[in-house]
Amino acid sequence: MSTDTLFTPRSLTASEYVLVLFKAEENVAILVRNRHTGTTIQRITKADTISSPQFQSWLANQNVAGSDIFVGMNPIKDGAYSRTKDNIKDIRHVYLDLDRNGDESIEAIRPSFEVPAPNFVLDTSPGKHQVVWKVAEVSQDQAESLLHSLANQFDGDLAATDTTRVLRLPGFANRKLPQEFIIQARHETNAVYTLPDFAIHDDSLEQSRYRVQGEQRKRTMPAEHKSQSEDDWAFAKRALSRGDDPETVIKRIADYRADEKHDPEYYARHTVAKAQAELQEQSLERPAPEHPNVTSTDDRRDR
């Protein structure tokens, strides 16, 4: 982790935010989505162009006309004209979209021993936030595994766990709301983090959400990440073992793999069915207790 201990937190304009996220010469994706007409415009251009008064004026006009303004969170390769995984140049940021229980999640993140201090916290609507960490030396696979685990641990939006994600640009109104709300961004540290700075493990749903402050941070990530199907199958088994509704588990897997599978719902149902079958088989193989009317000390402790 690299940082400047003399850093003073401050609010950022849209132009400042873009130039803190990216180098001036890097290609960045801007997405403009009009909620009235349903039209979407994407522009991929240099960060210094986006920060210019002319481009900011165009974005402001689009916002007044009913459009939400978003920015891609990772730079685009030179010569690329679409925001796909193959066109991502480097992984620069990991993030959380806290669209439910946002205030509670922020309160859990700030003292957490499992994640470092956020670089940016955006207020996107009352009680809803987006959290961004600057990272280095992180691959796409590692980033998406971490994004998934962060969303699970802190009640984030699982749909916002891909490396091509766009998040809101500060300084513009959230047009999803009936009353005007201007997105605000706070720059809280200039640290740059690597994987060991995050103690979140794969599929942290099975863990207690919002750990106690006194727990020691492990500062490690798993040495090897599971494959896509193994990760989903393991998640399904744990969720079903907890008693989660199978339809809810199917929906979460389908939403998470929506951009990667030809038929995500079929894939999710197949994964959950396999997990159910294995859990049933394990249940049948489990030996009956020798003394069914006696509860062991360990059993009592776990209840």
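**Chat about a predicted model: contacts, pocket, helices and loops**

Reader: What share of the contacts between residues at least 6 apart join residues at least 24 apart in sequence?

Author: In the protein chain, 69% of the contacts between residues at least 6 apart in sequence join residues at least 24 apart. Contact means heavy atoms within 4.5 Å. This is a predicted model, where local features need pLDDT of at least 70, side-chain atom pairs count only at pLDDT 80 or more, and totals for chains, interfaces and linings use all residues. Residues are numbered from 1 along each chain as its sequence is written, and side-chain values use heavy atoms, leaving out hydrogens and water.

Reader: OK. How many helices and strands?

Author: The chain has 9 helices and 9 strands, taken as DSSP runs (H or I, at least four residues; E, at least two) numbered from the N terminus. Of its 303 residues, 46% are buried, i.e. under 20% relative accessible area, while exposed is over 50% (1.4 Å probe, protein chains only).

Reader: On to pockets. How much space lies in the largest one?

Author: About 450 Å³. A pocket is an open set of points on a 1 Å grid over the protein atoms alone where a 1.4 Å probe fits, with protein on both sides within 12 Å along at least five of seven lines, and lining residues have an atom within 4 Å of a point. Points are joined across faces, edges and corners, and the volume is what probe spheres set on them fill.

Reader: Which residues lie nearest its centre?

Author: F70, D97, Q130, R168 and K176, out of 23 lining the largest pocket. By class, that lining has 12 charged residues (Asp, Glu, Lys, Arg), 6 nonpolar ones (Ala, Val, Leu, Ile, Met, Phe, Trp, Tyr, Cys, Pro) and 5 polar ones (the others, Gly among them).

Reader: And which strand gives the largest share of that lining?

Author: β8, with 3 residues. Strands β2 (27-34), β6 (120-125), β7 (128-134) and β8 (166-168) each supply at least two residues to the lining.

Reader: Switching to helices, which residues of α4 are buried?

Author: In α4 (102-109), G102, S105, I106, A108 and I109 are buried. They sit on the same side of α4 because they cover an arc of only 160 degrees around the axis, the arc being that of the directions from the helix axis to the C-beta atoms. Those buried residues pack against β5 (93-98), β6 and β7.

Reader: What about α7?

Author: In α7 (246-256), the buried ones are V249, I250, I253, A254 and Y256. They fall within an arc of 165 degrees seen down the axis, so they line one face of α7.

Reader: Back up to α1, what does V18 touch?

Author: V18 is in α1 (14-21) and is buried, at 0% relative accessibility. Leaving aside residues up to four places away in sequence, V18 touches A47, I50 and L169. V28 is 10 residues from V18 in sequence, with 8.7 Å between their C-alpha atoms.

Reader: And where does G66 lie?

Author: G66 lies in the loop between α3 (53-64) and β4 (67-72), buried at 2% relative accessible area. Its C-alpha is 6.3 Å from that of H36, 30 residues apart along the chain. With residues up to four places away not counted, G66 touches R33, N34, R35, H36 and R175.

Reader: Last one: is E137 buried or exposed?

Author: E137 is exposed, at 73% relative accessible area, in the loop between β7 and α5 (140-153). E137 has a positive phi of about 60 degrees, though not a glycine. D155, another non-glycine residue, has a positive phi near 60 degrees, but D155 counts as buried at 6% and is in the loop between α5 and β8.
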